[in-house]
Amino acid sequence: MPIAPGQPALIAVAVATLWAQPSAPGPEDRLALGVPSAIREWVARLTNDIRANGLKGRVRTQCLLGTRVEVLQVADGWAEVSCPQQETSGWVPLDQLVHPAENDNEGVEHFVSATATAVREEPGGDVAIPGVTLGTRLRVVGAAYRGWVPVGLPGPRQPGWVPQRDLANEPVTDAPSTALIAAGLDAVKLAQQLLEIPYLHGGVSAYGIDAPGLVWIVYRQLGIDVPRFNDALIESGEAVQFEDLHPGDLVFLEHGGDSRTPAIMAERSQTDLPEVIFSSSVYGKVVVESLKDSELAGITACRRLPVQA
């Protein structure tokens with residue numbers, strides 16, 4: 001049965017890019033459009049300027065394997081979908097979608113905790129889905145076998161297998177179990193795991209990520225849903241004073257022409273100036289940086305995201 005408007009669908013590739021329109025991708029973007037989607041190779045072939053500026057107006061965001069979307073319309077091998085998880089919409093190749101299956105909710109959901117992994121057809125076997133990235137939710141549907149666990153795949157497919165070490169030890173929960181300070185430190189640790197990842201406008205994966213995407217994927221890994229985009233993110237949680245910042249709080253900076261670039265507070269240095277982690281369109285990657293005195297005036301907001309104990 002073909003994908004049709006008004007139906008739910010699931011992302012069937014490791015990372016699907018949501019485009020502004022079907023004509024938005026150019027010849028250099030074909031690697032992002034296939035099954036599997038070769039996002040790592042696609043990003044590697046883009047220049048820093050294209051990743052930072054050339055995708056603006058063309059790429060909305062990305063969705064990870066298994067994300068549920070709603071099909072709005074279908075045209076010429078493409079589907080316009082809405083992604084409630086990120087409160088946005090965009091166009092994806094039809095081949096990157098599948099119908100949900102009756103057993104799609106079976107098993108216990110875990111996060112991928114490795115920066116990247118692959119789903120294999122059997123333990124140690126051929127790769128079924130390459131490039132599955134940090135933050136992806138996979139459902140464990142059976143017992144472990146020699147360090148491998150079976151996971152459900154989107155649509156009517158046989159379970160695949162991933163190394164047990166690449167999944168978080170604890171199942172996904174609706175709210176984090178850590179206290180405020182511990183959750184903040186966990187956020188810093190996760191952000192540090194993504195240092196040096198290339199900046200990619202619209203990106204939310206370990207192959208390329210933008211500034212709000214870094215915040216979104218880090219806090220999603222902690223079980224905290226935050227807005228995907230700056231306009232709503234800067235209003236999230238509660239306002240805090242600069243001198244009261246804790247690790248894991250958000251600092252919004254003037255950077256690269258954007259006065260609302262979100263950064264994750266890491267720690268205060270010996271000079272009591274904060275170190276922050278953010279995906280920089282200027283440096284072209286995720287960096288950790290000590291803010292200078294001259295940069296403090298460019299802080300436009302400080303926010304603390306809600307954490308439930």
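Is C63 buried or exposed? In this predicted model, C63 is buried, with a relative accessible area of 1%. The points below take up the cysteines, then the overall fold, and then individual elements and pairs.

1. **Cysteines.** C83, like C63, is buried, and its relative accessible area is given as 1%. The cysteine sulfur closest to that of C63 belongs to C83, at 3.5 Å, which is too far for a bond. The same holds when the pair is viewed from C83, whose closest cysteine sulfur is that of C63. A disulfide would require the two sulfur atoms to lie within 2.5 Å. The structure accordingly holds zero disulfides.

2. **Overall dimensions.** The protein chain has 309 residues and a radius of gyration of 19 Å, which agrees with the value near 19 Å for a compact globule of that length. Along the principal axes, the C-alpha atoms fill a box of roughly 60 × 45 × 35 Å. Six helices and 21 strands are present in the chain.

3. **Packing and surface.** Of the 309 residues, 51% are buried. Among contacts with a separation of 6 or more, 62% join residues that are 24 or more positions apart. The chain exposes about 13,900 Å², and carbon and sulfur atoms supply 48% of that area.

4. **Helix α4.** Helix α4 spans residues 211-221, and 11 of its 11 residues are buried, so the helix is largely enclosed by the rest of the structure. The buried residues include W216, Y219, R220 and Q221. At the N-terminal end, D210 acts as a cap, with a side-chain oxygen 2.7 Å from the backbone nitrogen of G213. After the helix comes G223, which has a positive phi, near 85°.

5. **D210 and R228.** D210 also forms a salt bridge with R228, in which the closest N and O atoms are 3.2 Å apart. D210 lies in the loop between β15 (208-209) and α4, whereas R228 lies in the loop between α4 and α5 (230-233), so the pair ties together parts that are 18 residues apart in sequence. Both residues are buried.

6. **K285 and E196.** The structure holds nine salt bridges. In one of them, the side chains of K285 and E196 meet at 3.0 Å, N to O. This pair links distant parts of the chain, 89 residues apart: K285 is in strand β20 (residues 285-290) and E196 is in the loop between α3 (180-193) and β14 (204-205). K285 is partly exposed, with a relative accessible area of 28%, while E196 counts as exposed at 52%.

7. **R304 and D249.** A further salt bridge joins R304 and D249, with the closest N and O atoms 2.8 Å apart. R304 belongs to strand β21 (residues 299-304) and D249 to the loop between β16 (238-239) and β17 (250-255); the two are 55 residues apart, and the pair links distant parts of the chain. R304 counts as buried at 11% relative accessibility, and D249 counts as buried at 3%.

8. **D29 and its surroundings.** Salt bridges that share partners join E28, D29 and R58 into one network. D29 lies in the loop between β2 (15-19) and α1 (39-45), and D29 is buried, with a relative accessible area of 0%. The side chains of D29 and R58 make a polar contact at 2.9 Å. Apart from neighbours within four places in sequence, D29 is in contact with W19, A24, W42, L46 and R58.

Note on methods
Residues are numbered from 1 along each chain as its sequence is written. This is a predicted model: local features need pLDDT of at least 70, side-chain atom pairs count only at pLDDT 80 or more; totals for chains, interfaces and linings use all residues. Side-chain values use heavy atoms; hydrogens and water are left out. Helices (H or I, at least four residues) and strands (E, at least two) are DSSP runs, numbered from the N terminus. Buried means under 20% relative accessible area, exposed over 50%, partly exposed in between (1.4 Å probe, protein chains only). A polar contact is a pair of N or O atoms within 3.5 Å; within protein, one must be able to donate a hydrogen and the other to accept it, and residues adjacent in sequence count only if both atoms are side-chain atoms. Contact means heavy atoms within 4.5 Å. The radius of gyration is taken over C-alpha atoms; the globule rule is 2.2 Å times the number of residues to the power 0.38. Accessible areas come from the Shrake-Rupley method with a 1.4 Å probe; for residues, only the protein chains shown count as cover. A salt bridge is a side-chain nitrogen of Lys or Arg within 4 Å of a carboxyl oxygen of Asp or Glu.
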